[in-house]
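This report describes the fold, the charged contacts and selected residues of one chain. The sequence and the structure are shown first.

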Amino acid sequence: GETLADTKVRLRHRLGMNEKDFSKVKIAIVPRTSYAKPEYLEDDDIILSEKELSNEECLGLDHVDSAISRVEKVIFIRG
């Protein structure tokens, strides 16, 4: 039950990203179904706890890294 702004600080440290790079990251609630659209969050939105998210949703980080071409980087964080 914390704001996205607070969660972003913890995520940035966990990922080892600097503030400039992490400021480009968009965070969303992502349904696990393949064609569903993610629901992007704003800094003042309240993040739900794992108990409140359904088994069909997860937290997604969207970051376009223009320095990498044709290579996908995927990071999984298990809480």
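Threonine 3 belongs to the segment that precedes helix H1 in this predicted model. Because its relative accessibility is 25%, threonine 3 counts as partly exposed. Leaving aside residues up to four places away in sequence, threonine 3 touches Asp43, Asp44, Asp45, Ile46 and Ile47. A further spatial relation concerns leucine 41: it stands 38 residues from threonine 3 in sequence, while the two C-alpha atoms are 9.9 Å apart.

Threonine 7 is located within helix H1. With a relative accessible area of 6%, threonine 7 is buried. Its contacts, again without residues up to four places away in sequence, are Glu2 and Ile47. Ile47 is thus touched by threonine 7 and is also among the residues touched by threonine 3.

**Overall organisation**

The chain contains two helices and three strands. In sequence order these elements give the pattern α-α-β-β-β. The chain has 79 residues, of which 16% count as buried. Its accessible surface amounts to about 6,800 Å², and carbon and sulfur atoms account for 49% of that area. Of the contacts between residues at least 6 apart in sequence, 65% join residues at least 24 apart.

**Salt bridges**

How many salt bridges does the structure hold? There are two salt bridges, and they are listed below with the separation of their closest N and O atoms.

| Acidic residue | Basic residue | Closest N and O atoms |
|---|---|---|
| Glutamate 2 | Arginine 10 | 2.6 Å |
| Aspartate 43 | Lysine 8 | 2.9 Å |

The salt bridge of aspartate 43 with lysine 8 links distant parts of the chain, the two residues being 35 residues apart. Lysine 8 lies in helix H1, and aspartate 43 lies in the loop between strand S2 (39-40) and strand S3 (57-62). Aspartate 43 counts as partly exposed because its relative accessibility is 39%. Aspartate 43 is also one of the residues touched by threonine 3.

In the pair of glutamate 2 and arginine 10, glutamate 2 is partly exposed at 25% relative accessibility. Arginine 10, by contrast, has a relative accessible area of 53% and is therefore exposed. Glutamate 2 is in addition a contact of threonine 7.

**Arginine 12 and leucine 11**

Helix H1 spans residues 4-15 and includes arginine 12. Is arginine 12 buried or exposed? Arginine 12 is buried, yet it has no salt bridge. The nearest side chain of opposite charge is that of glutamate 19, 4.0 Å away. Glutamate 19 is also among the contacts of arginine 12, which comprise Met17, Asn18, Glu19 and Phe22 when residues up to four places away in sequence are not counted.

Leucine 11 likewise has its place in helix H1. Its relative accessibility is 14%, so leucine 11 counts as buried. Where does the chain bring leucine 61 in relation to leucine 11? The two residues are 50 residues apart along the chain, and their C-alpha atoms are separated by 9.8 Å.

**Aromatic rings**

What sits over the ring of tyrosine 40? The charged end of lysine 26 takes this position, 5.4 Å from the centre of the ring. As for pairs between aromatic rings, the count comes to zero.

Terms used:
Residues are numbered from 1 along each chain as its sequence is written. This is a predicted model: local features need pLDDT of at least 70, side-chain atom pairs count only at pLDDT 80 or more; totals for chains, interfaces and linings use all residues. Side-chain values use heavy atoms; hydrogens and water are left out. Rings of Phe, Tyr and Trp (its six-membered ring) pair if their centres lie within 6.5 Å; planes under 30 degrees apart count as stacked, over 60 as edge-to-face and the rest as tilted. A charge sits over a ring if NZ of Lys or CZ of Arg is within 6 Å of the ring centre and within 35 degrees of the ring normal. Helices (H or I, at least four residues) and strands (E, at least two) are DSSP runs, numbered from the N terminus. Buried means under 20% relative accessible area, exposed over 50%, partly exposed in between (1.4 Å probe, protein chains only). Lys and Arg count as positive and Asp and Glu as negative; His and the chain ends are not counted. Contact means heavy atoms within 4.5 Å. Accessible areas come from the Shrake-Rupley method with a 1.4 Å probe; for residues, only the protein chains shown count as cover.
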